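Work through the exercises below with the model open beside you. Try each task before reading its solution.

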Amino acid sequence: MDMETEENNNREGGQSSSWLSDSNQLWPDFVDPSDREQYRRYRKRSSLGSHFLVQEKSSANRLEAGALNDKNAECVYPSPALFLEDIKQELEVSVAQGVQVSPGARYSLTTKKGAYSDKRSSQLDNTLLTGTQSSQSFLKAAKQEPEEVSDSGETTFSRFEAILDSALQGFISFADLILQFETTCREVSELIREEATGRHRIIEDRLMRQKAQMLIDEAATWSLLWYLFGKGTEDNLEDVSVCPSTSQQEACEFVMTDLTAQLCLRIVQWLEGLAYKAVDLDKKVKGWYAGSYLHTSGVWHQTQRLLRKKAGNATIVHHVDFDATTREQTKLHPEDQKQEQELLEDVWVLLRAGRLKEACELCRSAGQAWRAGILCGPCGFDPCPSVEELQQTGKNRTLQAIELESGLGYQRRLWKWASFCASEKIAQQDGGRYEAAIYAAQCSNLRRLLPVCRDWESACWAMVKSWLDVQVDSELAHLHQENPDQFKHTGDATDGNDTLGDLNMEGSSGPDAWPHQVLDQQPRDLQSLFQKLHSEDLVPESVRRGCKEQHRQIQICIMLEDASNLLDLLRAWIAPPNDANSASRPYGHPQMIRFGAHLVLVLRHVLGGDAMDVFREKLQLIGDLILNTYAIFLFSQKREELVGVYASQLAPYLCVELYVNMMELRLNDRVHVKYKIFRSAIQYLPFFPGDTTKGCVSDILERVLIRSREVRPGTRHMKAEDAGEQHRLESLEKATAVQWLCLTPPASISDSELLKAELLARALQHSNILFREFALISIWRTIKMPVGAHMLLSYLAEPLKQPTELLLSLEQHNVSENLQEFEDWREYYACDALYRNWLKIEIDNEEVSLLELSSEEREKAIVAARQALNTSLSLLGRKGSPWLSGVQGMQQETVESEWLELHGFALFRLSSGECLQPDATICTALTSALYFSAGEVVTTQRQLSVDVSICTGDKYCIEVVLRCLAVKGDGIGPCIGEDGGLLASIMAAAFKGELERFQVGVALEVFQLDAWYDKEGSQEAPAKFIVLGICRRCCIPELILRCMHILVSLADLSDGVLENHTELIELIASPDSELHHLFSQQQLQDFLLFEREFCVRRMEAQEDKSVDNAY
């Protein structure tokens, strides 16, 4: 019956479907057998069960919530970042609600993330699938996060993911997976229909019903896949075989050996199974079902009453035997006729559902035992040629005895001839289309069978079943040639009856001995069968429309084993090619995207042999495209935890690209969201490379870190005065990418502690790279903090508090060296923060004169100055391991390289803080200045080359590439006191803004800086000593000048500065440190000016003190 027209009572929605298995017991208790007729006709439902259903759903919701909690119960806070995130969120909520928060807690809420977060719109690479549509635009749309598609309050996507995960891990077979997919679709569909009960708007209800129907159609497709690929083949007939064999036994043997007949049988069983479940659904949901009749409703009471009154109506039968209407060419009483048609309609529904026994029982209970005998056939059992039916029947000695007497299959053919005649006669006399169809179904008479088929499944069942019966009868006739006179006798007997009219009952030529009318209706193959469904005149319009539905086309492709066309259809519906004609086409329905992803995975496992070899490449390419689209959809719906199962089935490069894009788009989200992505990757993907069929977490994280440092096209369209600030804020985004490495792998992962140490080692290595860049950005004396550096320090603070024994035991990544460099940078940025804190106080105090400062303000300034000064002097004068001393004596790794290369992206920064937009002239001037800085002799000897160009991705950014020969002490062997060598000395002058023959006051502000050992044009290994040398040349002189700046300020405020001043002078002049070599000419002049200013202020302070003492 039409599922869309059912009338449902209002029910509350629920997330669980556990109540469905028990609801079968509700309706029989609430329906009075005497009132079944009204429930049948008017589709009424009792409202008494709604209370129980709501209780069941609420209980199921609680159980499901508990199950979800248990799933993650293995570790409440698997990462310290998650714990801190929860605390911060709770405090934010408390503040928002006006709850009193302690000062310490309020301070912890002042995070830099809100102030400096700048969510960019990521530009994704068009490398997802060569030759197919890139999903870049879809990922960008996912970032916009449109209105979520309602999942009817259910965990539909989670349930499918859990089932698939179980199958991939080997806990269940793929045959069971298909069955569970079907069950899940039906349960979810029923729950959606429960919600679409008038509580919503008309359009919403309609959309929910459409979604429910789509799930029913999907369940039908999964059922078809199970019948064709998941259901086993029964080939053991020894227990039920008899000798000599019967027609039923030989029919089963034929179907077992003939692939076409076996396919037809499975299709028939599939379609009958769908109808079987539809009847059960009517029984459970609507409260009525086919066969819910009063007893003796088919004995024609009104006709009998009319005959007893002897009314003499010529149109009413004069007898009440079952053949009276046909023999007398009259009709029953209208009320009896109506009940008769309703009875026949229900018999048809039961036959269509493969419920022959129930149909016979229905006829007997209605008082028409003769009709039950007609349905059972000549031998009293279902003639379906299936092994299951034969096993249920057992050794049929009755059929064997009959066929020994009359001949093999003779009774079968005789019965089919009689059914054919009856169907034709009834149809000619307009005796009822359902009665004609019931007879036609037993003799493959499609002309009388198709008119009652109101949907695609019924029409397909009629044609396939008829074709199967003809194949079986034809095979039996070929195996046992019969006397043609037997068929002629049947035809003569029927021709002698004048009521048959002009029926041509002549047997067809050949051994089949079937009527031409029947044989001409049968298709030649499955392809022609489905063509008939499209164009057959006898097929209703609703059936022809059904052929165009998505799942019908999918089912047809599956039955025809046309995987190529199936993949083309899925791609057209889910991810159409990105051409001009389809630019405005929407992507597929979410349920279709989900179905397509699971379908391609099932096809990859169930298709084997030659079929898989033919479509392997296409199934891999289009399947990856569909899987990638579904993963993006889950990501857009904030179901990141479900992505891992599907990403693990993608090609390695697609898997890596997918996770890189997801991590970039969720870069500024909360830690809980990030952890869902991280966990889904590390649970389902190998960490290290090795498995060529899957992407690995190592490659994903490496790509994320590399791309976080890249210059993205279109990231800055702003004024020159804003470009520098934007550049500073983008350093925060670089630092945030490192947080992925600071997340803790779940304890359920094997070697979780080793992976944790590996991630931390990589975080240290990449953090040091960023620290070097951030240090070159932060050499300017402003109050603005280097937010990226401090964010990095906060990310690594908690992981580095843990024991480091396992971390230091790692052989790769130079852990001990990176750890020492990290500690150096931590001290440096502590000094930097203290200086900027003092500078802010100093700027604030400049607004008033020194005499007007209060004692508290003066004391605050003195404390901040001394703290910044002492910390910086402690770092500069550190004994044993001077700051970044690893540059001195750093030895080249085992790389035989002839060249050194320095590659950087930078901005032109003016002394005012604004950025200068580059052009060809200034790039040429910079190139000449860099050559001049090296000198003509060195340029020739080292074969120095300089290339400066405007970056195509950013109008304010330039790309600088320097290349020179490696020599002993500078690229070959240990580095001998050169502080980065030639390339470092050239670039340090550019970063300080002190290049000769270049614009005065214009400096380079680094965005990205890398150095490599180069061999024959390929990068062999990083030349870290060059970048560290640049940092020493830029940071140490600036740190000393900052100390002098503080000393000048303290000269007016305090007396106890002489000791520090002397210590600083001795440190610079010391031959052991040789720090004066790091100063440029301009920096030395600045140092002398600070020294002069300090001395002048000290002298003035002493004079003022002497005057005060004199008075």
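A crossing of two helices is left-handed if the near helix is turned anticlockwise from the far one by less than a right angle, and right-handed if clockwise. Helices (H or I, at least four residues) and strands (E, at least two) are DSSP runs, numbered from the N terminus.

This is a predicted model, in which local features need pLDDT of at least 70 and side-chain atom pairs count only at pLDDT 80 or more, while totals for chains, interfaces and linings use all residues. Residues are numbered from 1 along each chain as its sequence is written, and side-chain values use heavy atoms, with hydrogens and water left out.

**Exercise 1. Describe how α41 and α42 pass each other.**

Solution.
- Step 1: fit the axes. They are lines through C-alpha atoms, for helices over the stretch in contact, and angles run from 0 to 180 degrees between N-to-C directions.
- Step 2: read the geometry. The axes of α41 and α42 come within 9 Å and cross at roughly 155°.
- Step 3: classify the angle. Under 35 degrees counts as roughly parallel, over 145 as roughly antiparallel, 65 to 115 as roughly perpendicular and the rest as oblique. So α41 is roughly antiparallel to α42.
- Step 4: find the hand. α41 passes α42 in a left-handed crossing.

**Exercise 2. Find the buried side of α43.**

Solution.
- Step 1: check the helix. α43 covers residues 920-934, 15 residues in total. Its first and last C-alpha atoms are 22 Å apart, close to the 21 Å expected at 1.5 Å a residue. The expected span is 1.5 Å times one less than the number of residues.
- Step 2: apply the cut-offs. Buried means under 20% relative accessible area, exposed over 50%, partly exposed in between (1.4 Å probe, protein chains only).
- Step 3: list the buried residues. They are Ile922, Cys923, Leu926, Thr927, Ala929, Leu930 and Ala934.
- Step 4: look down the axis. The buried residues of α43 fall within an arc of 165°, so they line one face of the helix. The arc is that of the directions from the helix axis to the C-beta atoms.
- Step 5: turn to the other face. Away from the buried side, α43 carries the exposed residues Ala920 and Thr921.
- Step 6: step past the end. Just after α43, Gly935 has a positive phi of about 95°.

**Exercise 3. Trace salt bridges that link distant parts of the chain.**

Solution.
- Step 1: recall the idea. Side chains of opposite charge can pair when their charged atoms come close.
- Step 2: set the rule. A salt bridge is a side-chain nitrogen of Lys or Arg within 4 Å of a carboxyl oxygen of Asp or Glu. The count comes to 48 salt bridges.
- Step 3: take Arg355 and Asp280. Their side chains meet at 2.5 Å, N to O. Arg355 lies in the loop between α15 and α16 and Asp280 in helix α12, so the pair ties together parts 75 residues apart in sequence. Arg355 is buried at 9%. Asp280 is partly exposed at 32%.
- Step 4: take Lys618 and Asp568. Their closest N and O atoms are 2.9 Å apart. Lys618 is in helix α31 and Asp568 in helix α29, 50 residues apart. Lys618 is partly exposed at 26%. Asp568 is partly exposed at 37%.
- Step 5: take Arg878 and Asp824. Their closest N and O atoms are 2.7 Å apart. Arg878 is in the loop between α42 and β1, Asp824 in helix α41, 54 residues apart. Arg878 is buried at 17%. Asp824 is buried at 4%.
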